[in-house]
Amino acid sequence: MTATHEVFNQVPPLTNFDAADYPPLLEALQREGAHDALEGLHEVGRLAGSEEAQRWGDLSEAHPPILRTHDRYGHRIDEVEYDPAYHHLMTAAVEMGLHGAPWADPGPHAHLARAAKMAVWGRVDAGHSCPISMTYAVVPALRHNRELAEQYEPLLTARVYDPTLRPPLTKSGLIAGMSMTEKQGGSDVRAGTTRAVPQSDGSYLLTGHKWFTSAPMSDIFLVLAQAPGGLSCFFLPRILPDGTQNRMHLQRLKDKLGNRSNASSEVEYDDAVAWLVGEEGRGVPTIIEMVNMTRLDCTIGSATGMLAGTAQATHHAVHRSAFGAHLVDQPLMRNVLADLAVESEASTTVAMWLAALTDRATAGDEHAITLRRISLAVSKYFVCKRGPIHAAEALECLGGNGYVEESRMPRLYREAPLLSVWEGSGNVAALDTLRAVAKQPESLQVFFDELDTATGVDSRFDIAVEDLKTSFRDFGTLEHRARRIVGDMALALQGSLLIRYGHPAVADAFCVSRLSGDWGSVFGTLPTGVDTSVIIDRATPKVGL
Ligand SMILES: Cc1cc2nc3c(=O)[nH]c(=O)nc-3n(C[C@H](O)[C@H](O)[C@H](O)COP(=O)(O)OP(=O)(O)OC[C@H]3O[C@@H](n4cnc5c(N)ncnc54)[C@H](O)[C@@H]3O)c2cc1C
């Protein structure tokens, strides 16, 4: 058959590149003195940029998990079947230590090094990051029961992925989930009705439901339930020590907008055996220790989506021509690309800064604990909120190809809103910032002190910080203005970090657009005078290893 036409002006696939070669990530590690993490990061980058890993991501997305509630004889089995590619992703992530290395090997930059790897590996598939993140996050909460932590922490941090269903203590590596949300309340978990009845042997029997429980094939879960002393946190294994299945029944898997490679289930607990973690009645403060880590990963995940989207957009624009010139050379497209890149740099920079702060906070630094508490709520709100519009614009840079699955842009687009919904939806994250201030008024001063270290360099930033301080004066209307004020806090924090640590061209573009008062509501509205060449070049992946 003769060809009807020659294929030209299509963009080569973005593959066989080092996905870690992204300046804001590398600069964060260098700035913090984590030079010894660079080599490992590039290894992750080369795998993430390989055709093989990209294929694992594609297959996991194309073949979502399937729930098998019963075997062919009618016995309940409650198993979830995944595509083998999903298990490849999990194996790689666990072997990289993304699920727990900072707890097993707590060096001065352990959380930062792990966060940078998450940002690189997460580009391949966001869905499996969920159980990886929950396993990472469970450790600080589990430590509220020393006996359980001593037994399970080594297995939760072991670099072995074992998806078989066996009693956890007989396995070489474990994965963890969390089960809080019920039909009548997700943000308001205190509305939970699952009951926990104490037994004479010290265990509890849990009865009730959970409306969302992701990664239901995990080995262990932290579950919230109402004990005699109030809402409490419980450790619940899927398989009991005697090898029998715990009475945790999977009702359905959610048919989700995105996040398809990850199973999210509805669960019923029917006298399921569990053990108390922390004190009775202290369920929320206990599980919040876990949520505080997953919120960090939401921020990292949104930044990851942005850096992936920006890379695809710049790569496309470098290779695609229209009206006689490459898209990357067309002034308006340069404005869009640079604006996307600025957002991505700001988000990555703040996410890595929060991870470095986590290193100091987990080492017991009180100042870091206070600063992290307020800055994490601020950033979880804002970075995750920016994700969906960033994804939409990055997708559009690829034109019609961007709307087609093969481009992987629809995946980024579907994934983006999720990070803003779970672990504290937009309003809840914004209100959580105000709660942090109300509970610990000095945290606001600590936050402003951090901003003040960047003043005196850029007058637009200085004015924005002064305006922000003024906006806190009217306490009576704070809740109504929470999104506005927390968004301004986030912009000021990102601006301060870029002024101190970012590339001057990026810091300038950020301040002149985000902090100068005439910011357009869409991407591609940077004013003239911005150095788009440097900004776009930093965001453009260098293909070929
Ligand atoms: C894909 C997916 C996976 C999930 N996996 C898990 C999991 O593994 N484990 C788990 O426990 N949960 C999980 N969740 C649940 C998730 O954490 C909740 O959906 C989320 O916390 C919001 O709770 P909700 O759905 O009950 O919404 P609601 O709490 O009813 O909130 C609805 C809206 O009201 C807003 N709102 C709430 N309170 C206020 C207020 N005081 N003022 C103003 N606005 C307010 C919220 O911001 C939100 O926009 C998952 C959700 C999704 C989508």
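Which polar backbone atom lies 3.4 Å from a nitrogen atom of the ligand? The answer is a backbone atom of Phe212, and that contact is a good way into this predicted model. The chain has 545 residues, of which 58% count as buried, and its secondary structure comes to 18 helices and eleven strands. Welcome to a short tour, starting with the ligand and moving out to the rest of the fold.

**The ligand and its polar contacts**

- Phe212 takes part through its backbone, with a polar atom 3.4 Å from a ligand nitrogen.
- Ser214 also uses its backbone: a polar atom there is 2.7 Å from an oxygen atom of the ligand.
- Asn427 contributes with its side chain instead, placing a polar atom 3.0 Å from a nitrogen of the ligand.
- On its own the ligand has 970 Å² of accessible area, and the protein covers 67% of that area.

**The shell around the ligand**

- The ligand is surrounded by 20 residues, and those that come nearest are Met180, Thr181, Gly186, Ser187 and Ser214.
- Sorted by class, this shell holds eight nonpolar residues, ten polar residues and two charged residues.
- Two strands, S3 (176-179) and S5 (204-214), each supply at least two shell residues, and so much can also be said of helices H12 (409-421) and H13 (426-439).
- Both domain 1 (23-281) and domain 2 (285-539) take part, with at least three shell residues drawn from each.

**Two residues with positive phi**

- Most residues other than glycine have a negative phi, which makes the next two worth a look in the viewer.
- Ala215 is not a glycine, yet its phi is positive, at about 50 degrees.
- The loop between S5 and strand S6 (220-227) is where you will find Ala215.
- Ala215 counts as buried because its relative accessible area is 3%, against a cut-off of under 20%.
- Glu423 is the other case here: it is a residue other than glycine with a positive phi, near 60 degrees.
- Glu423 sits in the loop between H12 and H13, two helices that each supply at least two residues of the ligand shell.
- With a relative accessible area of 17%, Glu423 is buried too, since the limit for that label is under 20%.

**Overall form of the chain**

- Is the radius of gyration of 23 Å in agreement or at odds with a compact globule? It agrees, because a compact globule of 545 residues would have a radius near 24 Å.
- Along the principal axes, the C-alpha atoms fill a box of roughly 75 × 75 × 40 Å.

**Buried residues in helices, and their partners**

- Leu337 belongs to helix H10, which spans residues 331-362.
- Leu337 is buried, with 1% relative accessible area.
- Ile535 lies 198 residues from Leu337 along the chain, but their C-alpha atoms are separated by 8.6 Å.
- Ala341 has its place in H10 as well, and its relative accessible area is 0%, so it is buried.
- Between the C-alpha atoms of Ala341 and Leu307 there are 7.7 Å, with their positions 34 residues apart in sequence terms.
- Ala28 is part of helix H1 (residues 23-31), and at 1% relative accessibility it counts as buried.
- Ala28 and Val350 are 322 residues apart along the chain, while their C-alpha atoms are separated by 9.7 Å.

**A side-chain contact at Glu450**

- Glu450 is found in helix H14, residues 442-452.
- Is Glu450 buried or exposed? Glu450 is buried, because its relative accessible area is 12%, below the mark of under 20%.
- The side chain of Glu450 makes a polar contact of 2.8 Å with the side chain of Arg500.

**A partly exposed loop residue**

- Thr525 lies in the loop between helix H17 (504-514) and helix H18 (532-539).
- Thr525 counts as partly exposed because its relative accessibility is 31%, and that label covers values between 20% and 50%.
- Asp488 and Thr525 are 37 residues apart in sequence, and from C-alpha to C-alpha they are 19 Å apart in space.

Key: Residues are numbered from 1 along each chain as its sequence is written. This is a predicted model: local features need pLDDT of at least 70, side-chain atom pairs count only at pLDDT 80 or more; totals for chains, interfaces and linings use all residues. Side-chain values use heavy atoms; hydrogens and water are left out. A residue is near a molecule or strand if one of its heavy atoms lies within 4 Å of it. A polar contact is a pair of N or O atoms within 3.5 Å; within protein, one must be able to donate a hydrogen and the other to accept it, and residues adjacent in sequence count only if both atoms are side-chain atoms. Accessible areas come from the Shrake-Rupley method with a 1.4 Å probe; for residues, only the protein chains shown count as cover. Helices (H or I, at least four residues) and strands (E, at least two) are DSSP runs, numbered from the N terminus. Ala, Val, Leu, Ile, Met, Phe, Trp, Tyr, Cys and Pro count as nonpolar, Asp, Glu, Lys and Arg as charged, and the others, Gly among them, as polar. Domain bounds come from an automatic or database domain assignment. The radius of gyration is taken over C-alpha atoms; the globule rule is 2.2 Å times the number of residues to the power 0.38. Buried means under 20% relative accessible area, exposed over 50%, partly exposed in between (1.4 Å probe, protein chains only).
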